[in-house]
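Biologist: I am new to this structure and would like a close look at a single part of it. Please begin with one side chain and then go on to the surroundings.

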Amino acid sequence: MIRTASAAGAGTGKVVHGTGRRIRRATSAEGAGESGLAKLIELHAINSFGDMLITIALASTIFFSVPTGEARGRVALYLLITMAPFALLAPVIGPLLDRLPHGRRAAMAMAMLARAVLAWTMAGVISGGGLALYPEALGVLVASKAYGVVRSVVVPRLLPSRLSLVKANSRVTLAGLLATGVAAGVGGLLHLIGPGWPLRGAFLVFVIGTLMAFHLPHAVDSAKGEQRAVLHAEVHAEADGGGSHLIHHRPPPVKASLRAVGPSVILALRAMSAMKWLVGFLVMFLAFLLREEPIGGLRPTLALGLVALAAGTGNALGSVFGSWLRTRGPEATVTTMLLLATCVTAAAALWYGVVTVVLVAGVAGMAASLGKLALDALIQRDVPEAVRTSAFARSETLMQVSWVAGGAVGILLPLNGELGLSVAAAVVGLVLLWTLRSLFRVGLRRHPATPRVA
């Protein structure tokens, strides 16, 4: 028995060691190991793993453990106490972190450590689901989004010469999605032990993440040549023949070192805001709708599982397609994704059923994922390196605020599938028309634009 156990242990060790080597080989490919991007990819996987564990713990307490009516009230309270303050704090997160260019590793480590402490604290009160849980959840949310903003501005600093920025972001995103899938299974097993155990697991994961953040390359804290970006649109002469100008609002006079990000980036930001709004709406609306009124005779848990699987698959496909598309026509890509999301959402409203609901979840996930990569490519192409990290910080903040707005609408609407999806199709359809109008005026650039001084 001892020899058998020893052999089994040795075999397990070889499997784990071999898996670790394969993961490291994959993350370090194409110069990512030398530049330090591989360490960021692994850190983001840890971050996604911990966030998923916390999501499972909160969902099981706020959503699944009580009747639908009470669950809707709890989630509404969750939105009020966590999402609403975050919507006010989010516009501040980017600028604040942008003022700490020399402390990005410390900022990422503190975001990890804060969630570790909050996860351990929440583990003691989650079984009751009382009000004390909600401020702690707000802290977790703010720390998670702060990490997301810093991570977005760090990627360009660790970009290998053999990778484009869109492909690097695609690799980071895909690692996070894979880690989320593994964490879902682990979190489910931990929840069988007790409602607080996924949070205790998250505590351990975030402690490891805190240590890993300090092992990122020193280039992460470099701010050489960086300036702050101004998010407003300004059409260049070659885009409109020199006769017209597309200016949404002109900021007051600023230093000559500040630059405009360009009309193409504004176009993509607008389209991505609509897609993030749609994702937030679908998460909240379908979660309650399918629990209250299952479609196709399916059990609520099975219907929710199918939708979640479709959304996750769509996210993964978006990352894969983004890596393949590289930087080919990013304006057309983000507009096409918005058009696809609008058409599928409208079709789901007209022919509401299992197939269309699963399809809209998958398409929304893919559109948001691929659209974000197209936005990254536009920022890489049109925004000078001196202000690129600042532009990433502000775009990430805008995406999170849009998700919050969509989630709020999703929980406030009556639980009627046709009505809810019609409202969603109308909202993204209006933004699509606005985006198409801007696309015709901006045109499709094949060469990098030179942003003018604001």
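Which residue lies over the face of W197, and at what distance from the ring centre?

Modeller: The model is a predicted one, and the values below are computed from it. The residue over the face of W197 is R200, which sits 5.0 Å from the ring centre. W197 belongs to helix α8, which covers residues 197–213. With a relative accessibility of 40%, W197 counts as partly exposed, because that class falls between the buried limit of 20% and the exposed limit of 50%.

From W197 one can step across to another stretch of the chain. A119 is 78 residues away from W197 in sequence, yet their C-alpha atoms are 9.9 Å apart in space. Helix α5 spans residues 104–123, and V117 is one of its residues. V117 has a relative accessible area of 47% and is therefore partly exposed. Together with M110 and L113, V117 makes up a nonpolar patch on the surface. The accessible area of these three residues together is about 270 Å².

Helix α5 also holds a charged residue, R115. The count of salt bridges comes to one. R115 forms a salt bridge with D51, and the closest N and O atoms are 2.9 Å apart. D51 lies in helix α3, residues 37–64, while R115 lies in helix α5, so the pair ties together parts that are 64 residues apart in sequence. In general, side chains of opposite charge can pair when their charged atoms come close. R115 has 0% relative accessibility and so counts as buried. D51, at 18%, also counts as buried, because the limit for that class is 20%.

An arginine over a ring turns up elsewhere too: R270 lies over the face of W434, 4.1 Å from the ring centre. R270 leads on to helix α10, which runs over residues 263–292. S264 is found in this helix. The relative accessibility of S264 is 0%, so S264 counts as buried. The side chain of S264 makes a polar contact of 3.0 Å with the side chain of E331.

Helix α10 also carries a set of aromatic rings. A pair of such rings is described by the distance of the centres and the angle of the planes. The count of aromatic pairs comes to three. One of them is W277 with F281, a stacked pair with 5.5 Å from centre to centre and 5° between the planes. These two residues are four apart in helix α10, which means that about one helical turn separates them. Both W277 and F281 are buried. F281 pairs with F285 as well: their ring centres are 5.1 Å apart and their planes meet at 15°, so this pair is stacked too. The spacing repeats, because F281 and F285 are likewise four residues apart in helix α10, or about one helical turn. F285 is buried, as is F281. W277, F281 and F285 thus form one aromatic cluster.

To return to the starting point, W197 is partly exposed and has R200 over its face, whereas the cluster residues W277 and F281 are buried.

Notes: Residues are numbered from 1 along each chain as its sequence is written. This is a predicted model: local features need pLDDT of at least 70, side-chain atom pairs count only at pLDDT 80 or more; totals for chains, interfaces and linings use all residues. Side-chain values use heavy atoms; hydrogens and water are left out. Rings of Phe, Tyr and Trp (its six-membered ring) pair if their centres lie within 6.5 Å; planes under 30 degrees apart count as stacked, over 60 as edge-to-face and the rest as tilted. Buried means under 20% relative accessible area, exposed over 50%, partly exposed in between (1.4 Å probe, protein chains only). A charge sits over a ring if NZ of Lys or CZ of Arg is within 6 Å of the ring centre and within 35 degrees of the ring normal. A polar contact is a pair of N or O atoms within 3.5 Å; within protein, one must be able to donate a hydrogen and the other to accept it, and residues adjacent in sequence count only if both atoms are side-chain atoms. Patches are made of residues with over 30% relative accessible area and no salt bridge: like charges are joined within 9 Å, nonpolar side chains (Val, Leu, Ile, Met, Phe, Trp, Tyr) within 5 Å. Accessible areas come from the Shrake-Rupley method with a 1.4 Å probe; for residues, only the protein chains shown count as cover. A salt bridge is a side-chain nitrogen of Lys or Arg within 4 Å of a carboxyl oxygen of Asp or Glu.
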